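Here is a short set of exercises to work through with the model open beside you. Try each task on your own before you read its solution.

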Amino acid sequence: MGMESRAGARISINATLTVDVDTGGKGNIRLLREAPKAVQADHSAVGIGAVSPIFLPKGAVLTIDMDAPAFKTEKPARIKGEICYCRPTKDGKYRLGIKFVEIDKTLLDKIKEYVEQNKDKAV
């Protein structure tokens, strides 16, 4: 399996994501009543890499509440993203590639700054 194409350096980060799937988008997706939590593995200026307990199909649009202390936000940041890929991991979870569809400019600026400051730690 080759490495996916990336539009910039990905930096590891410790963050928790609460994910809600937009079922009005590409097809219907049935989920548990409670929004799943995913662990953010890394991010770049254009998207997020995350590990999810459930499979989410390519093209699904997500509303993501991200609690990332590194960005010094007072409350979880809300982002809209689209699944670019979802691959099984060896431990029974799923590795997600999510590109930003909608993100607050101030948060995006904080992410870009964080990536720039930590580019020597790219994964």
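**Exercise 1. Take stock of the fold.** Determine how many helices and strands the protein chain has, and in what order they come.

*Solution.* Step one is the count: the protein chain of this predicted model holds one helix and six strands. Helices (H or I, at least four residues) and strands (E, at least two) are DSSP runs, numbered from the N terminus. Step two is the order, which from the N terminus reads β-β-β-β-β-β-α.

Before going on, a word on conventions. Residues are numbered from 1 along each chain as its sequence is written. Because the model is predicted, local features need pLDDT of at least 70 and side-chain atom pairs count only at pLDDT 80 or more, while totals for chains, interfaces and linings use all residues; side-chain values use heavy atoms, with hydrogens and water left out.

**Exercise 2. Judge the confidence.** Find which strand has the lowest confidence and which the highest, then look for stretches with pLDDT below 50.

*Solution.* Start with the whole chain: the mean pLDDT (the predictor's confidence in each residue, from 0 to 100) is 78, and 81% of the residues reach 70 or more. Next, compare the elements: confidence is lowest in E2, with a mean of 76, and highest in E6, at 93. Residues 1–5 have a pLDDT below 50, and this stretch makes three contacts beyond near neighbours in sequence; contact means heavy atoms within 4.5 Å. Residues 25–29 also stay under 50, with seven contacts in the model beyond four places in sequence. Where pLDDT is low, the predicted coordinates should not be read in detail.

**Exercise 3. Trace the sheet.** Work out in which order the six strands run around the barrel.

*Solution.* Follow the pairing, which requires that DSSP finds at least two bridges between two strands. The order is E1-E2-E3-E6-E5-E4, a closed barrel with antiparallel pairing. On average, neighbouring strands are turned by 45° against each other, direction ignored. Axes here are lines fitted to C-alpha atoms, for helices over the stretch in contact, and angles run from 0 to 180 degrees between N-to-C directions. Now add the helix: H1 (residues 105–117) packs on the sheet and touches E1, E2, E4, E5 and E6, its direction making about 130° with that of E6.

**Exercise 4. Check the pairs.** For each strand pair below, find how many bridges join the strands and locate a residue pair.

*Solution.* Go pair by pair.

- E1 and E4 run antiparallel, joined by six bridges; Thr-16 has Asp-67 in E4 as its bridge partner.
- E2 and E3 are antiparallel with four bridges, and a hairpin of three residues connects them. Here Asp-42 is partnered by Gly-49 in E3.
- E3 and E6 share six bridges, again antiparallel, with Val-51 opposite Arg-95 in E6.
- E4 (residues 61–67) and E5 (residues 77–88) pair antiparallel over six bridges. Thr-63 faces Lys-80 in E5, and Asp-65 faces Arg-78 in E5.

**Exercise 5. Sort buried from exposed.** Decide whether His-43, Ser-44 and Pro-69 are buried or exposed.

*Solution.* Set the scale first: buried means under 20% relative accessible area, exposed over 50%, and partly exposed in between (1.4 Å probe, protein chains only).

1. His-43 lies in strand E2 and is buried, because its relative accessible area is 1%. Among its contacts beyond four places in sequence are Ala-9, Ile-48, Phe-71, Ile-111 and Tyr-114.
2. Ser-44 sits in the loop between E2 and E3, and is buried because its relative accessible area is 2%. The Ser-44 side chain reaches the backbone nitrogen of Val-46 at 3.2 Å.
3. Pro-69 is in the loop between E4 and E5, and its 61% relative accessibility is why it counts as exposed. The C-alpha atoms of Pro-69 and Ile-13 are 9.4 Å apart, although 56 residues separate them along the chain.

Finish with whole strands and the chain. E3 has five of its six residues buried, so it is largely enclosed by the rest of the structure. E4 is mostly covered as well, with five of its seven residues buried. Across the 123 residues of the protein chain, 39% count as buried.

Methods: A polar contact is a pair of N or O atoms within 3.5 Å; within protein, one must be able to donate a hydrogen and the other to accept it, and residues adjacent in sequence count only if both atoms are side-chain atoms.
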